[in-house]
Amino acid sequence: MIARQLDQIAPGTARVRTVPVTTDRDGEQRLATWVALDDALGGPVKADHDAHRAARGLLLRMFPAADWTRPHAYDAITGDLALDEPTMPEELYG
């Protein structure tokens, strides 16, 4: 269901990535969300600001218990929402 709605919002969307960012507007710190819409090959989907906002709103409604103060990735093919934080390769742990 989410994949179909994402395709209506921005055709070809296979992955939605969200990243919370802090912005400074006139000296006031505000929390905003950066949204990336990717196709099945990992390339950007051509979409306007309203489509990005709509995709984020869809995810907020479908996953209300998620901690949106952390970065997430939604895979429209599998239906999985996961944290999308950078990790270090195992061989670098020491």
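**Reading Thr13 and the sheet around it**

Me: Which residues does Thr13 touch, leaving out those up to four places away in sequence?

Reply: Thr13 touches Leu6, Asp7, Leu37, Asp38, Val45 and Ala76 once residues up to four places away are set aside. Keep in mind that this is a predicted model.

Me: Where is Thr13 found?

Reply: Look in the loop between helix H1 (2–9) and E1.

Me: Is Thr13 buried or exposed?

Reply: Here the cut-off helps: buried means under 20% relative accessible area. Thr13 comes out at 7%, so Thr13 counts as buried.

Me: And what lies 2.7 Å from a polar atom of the Thr13 side chain?

Reply: That's the backbone oxygen of Ala10.

Me: On to the sheet. How do I read strand pairing?

Reply: The general idea is that strands of a sheet pair through backbone hydrogen bonds, either parallel or antiparallel. In this model, four strands make an open sheet, ordered E2-E1-E3-E4, and the pairing is antiparallel. At the edges sit E2 (28–38) and E4 (80–83), each of which pairs on one side only. Ignoring direction, neighbouring strands of the sheet are turned by 25° against each other on average.

Me: How many bridges do E1 and E2 pair over?

Reply: Eleven, with E1 covering residues 15–25 and the two strands pairing in the antiparallel sense. To find your place along them, try Val21, which stands opposite Ala32 in E2.

Me: Which strands does helix H2 lie across?

Reply: Helix H2 (residues 49–62) lies across E1, E2 and E3, the last of these being residues 72–75. Against E2, helix H2 runs at about 95°.

Note on methods: Residues are numbered from 1 along each chain as its sequence is written. This is a predicted model: local features need pLDDT of at least 70, side-chain atom pairs count only at pLDDT 80 or more; totals for chains, interfaces and linings use all residues. Side-chain values use heavy atoms; hydrogens and water are left out. Two strands pair if DSSP finds at least two bridges between them. Axes are lines fitted to C-alpha atoms, for helices over the stretch in contact, and angles run from 0 to 180 degrees between N-to-C directions. Contact means heavy atoms within 4.5 Å. Buried means under 20% relative accessible area, exposed over 50%, partly exposed in between (1.4 Å probe, protein chains only). A polar contact is a pair of N or O atoms within 3.5 Å; within protein, one must be able to donate a hydrogen and the other to accept it, and residues adjacent in sequence count only if both atoms are side-chain atoms.
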